[in-house]
Amino acid sequence: MKLRVYPAVRCFHKISDFLTILSVSGKRFEEEFSKWSGGKRILYTYRARTGLFHLLSYLKEKFNVKRIIVPSYTCKEVIHPIKKIGLEIVFVDNDMKILGIDSSDVNIRKNDVVLWVNYFGLRSKPSKKIIDGDAFIIEDNASYFLPPSKYADFTLYSLGKGKEFSSSEGGIVTINNKEFDDFIDGIKLGEPDFFNNVYRFFDYLFWRITTIRILYPLARK
């Protein structure tokens with residue numbers, strides 16, 4: 001299966017960086033990301049939440065997953081795909097010492113899904129209770145590019161606006177456990193047409209100019 005990043009990854013930090021647009025390719029990013037992640041199987045999606053949707057659909061269909069453990073400190077975008085799949089959501093308090101889920105406040109059942117979030121670019125690790133439990137662990141690295149953790153079955157990344165690496169839109173799923181290598185085989189992704197590619201480019205262009213060059217300086221004043 002040939003997978004492509006749509007749109008191609010472009011990391012812009014100032015207006016003049018747009019001049020590099022012709023030298024940046026999705027294929028180049030895919031090659032480098034594959035090396036960086038350790039050669040794992042990778043799925044590129046329209047958004048990170050799309051990747052989560054595909055993951056949960058797969059786990060529900062194949063393993064009869066019924067509920068997901070989510071830290072109480074999370075963003076609404078995480079909830080959308082979970083509700084669409086129809087899983088029960090169990091919100092758990094965060095342990096302020098590790099920033100992750102407070103394992104003393106959760107009872108892990110067989111075939112639960114645990115969404116483990118690494119906040120603010122800081123890696124944390126689930127407790128032995130969670131790792132040794134009969135749960136599927138999805139690591140959420142949406143806010144920062146940290147290498148996939150050994151404890152996680154899957155790792156999510158976001159290429160959305162404001163992320164460390166941004167293509168305006170886009171997400172990545174790495175499959176860290178070979179037991180789930182068949183996950184990607186069942187995914188069929190369409191390619192955006194020319195109009196959508198042009199729209200995304202100008203959407204990103206407008207966002208960068210208005211926020212970085214206009215709104216942020218005004219806010220600081």
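## Overall architecture

Helices (H or I, at least four residues) and strands (E, at least two) are DSSP runs, numbered from the N terminus. Counted in this way, the secondary structure of the protein comes to 5 helices and 7 strands. The model is predicted. From the N terminus on, the elements follow the order α-β-α-β-α-β-β-α-β-β-β-α. Of the 221 residues of the protein, 46% count as buried.

## Helix α2

Helix α2 comprises the 16 residues 48-63. At 1.5 Å a residue, this helix should span 22 Å, and its end C-alpha atoms are indeed 22 Å apart, so the expected and computed values agree.

Several residues of α2 are buried, among them A48, L52, L55, L59 and F63. The buried residues also include G51, H54, L56 and Y58. After α2 comes N64, whose phi is positive, near 60 degrees.

## Strand β2 and its partners

Strand β2 covers residues 67-71, and 5 of its 5 residues are buried; the strand is therefore largely enclosed by the rest of the structure. Both of its faces are covered: R67, I69 and P71 are buried on one side, and I68 and V70 are buried on the other.

With strand β3 (residues 88-92), β2 pairs in the parallel sense over 5 bridges. Within this pairing, I68 has I89 of β3 as its bridge partner. Between the two strands the chain passes through helix α3 (residues 76-85), and the resulting β-α-β crossover is right-handed. β2 also pairs with β4 in the parallel sense, over 2 bridges. Here I69 stands opposite V114 in β4.

## Salt bridges

The model contains 7 salt bridges. In one of them, the side chains of K35 and E32 meet at 3.8 Å, N to O. Both residues lie in helix α1 (residues 26-36), 3 residues apart, which is about one turn of the helix. An α-helix has 3.6 residues a turn, so residues three or four places apart point the same way. K35 is exposed because its relative accessible area is 61%, over the cut-off of 50%. E32, with a relative accessible area of 38%, is partly exposed.

A second example joins the side chains of R123 and E139 at 3.2 Å, N to O. This pair links distant parts of the chain: R123 is in the loop between β4 and α4, whereas E139 is in strand β5, 16 residues away in sequence. R123 is partly exposed, with a relative accessible area of 40%, but E139 is buried, at 0% relative accessibility. A further salt bridge connects D132 and K128, whose side chains meet at 2.6 Å, N to O. D132 counts as partly exposed at 48% relative accessibility, while K128 counts as exposed at 65%.

## A surface patch and a buried residue

Y73, F120 and L122 form a nonpolar patch on the surface, and together they have about 370 Å² of accessible area. One of these residues, L122, lies in the loop between β4 (112-117) and α4 (128-131). L122 counts as partly exposed because its relative accessibility is 48%.

I137, by contrast, is buried, with a relative accessible area of 2%. This residue belongs to strand β5 (residues 135-140). I137 and D112 are 25 residues apart in sequence, and their C-alpha atoms are 8.6 Å apart in space.

How values were computed
Residues numbered from 1 in each chain as written. Predicted model: local features only at pLDDT ≥ 70, side-chain atom pairs only at ≥ 80, totals over all residues. Heavy atoms only, no water. Patch = residues over 30% accessible without salt bridge, like charges linked within 9 Å, V, L, I, M, F, W, Y side chains within 5 Å. Areas by Shrake-Rupley, 256 points an atom, 1.4 Å probe, with all protein chains shown as cover. Salt bridge = Lys/Arg side-chain N within 4 Å of Asp/Glu carboxyl O. Buried < 20%, exposed > 50% of the residue type's maximum accessible area, 1.4 Å probe, protein only. Expected span 1.5 Å × (residues − 1). Pairing = 2+ DSSP bridges. Right-handed = clockwise from strand over helix to strand, strands pointing away.
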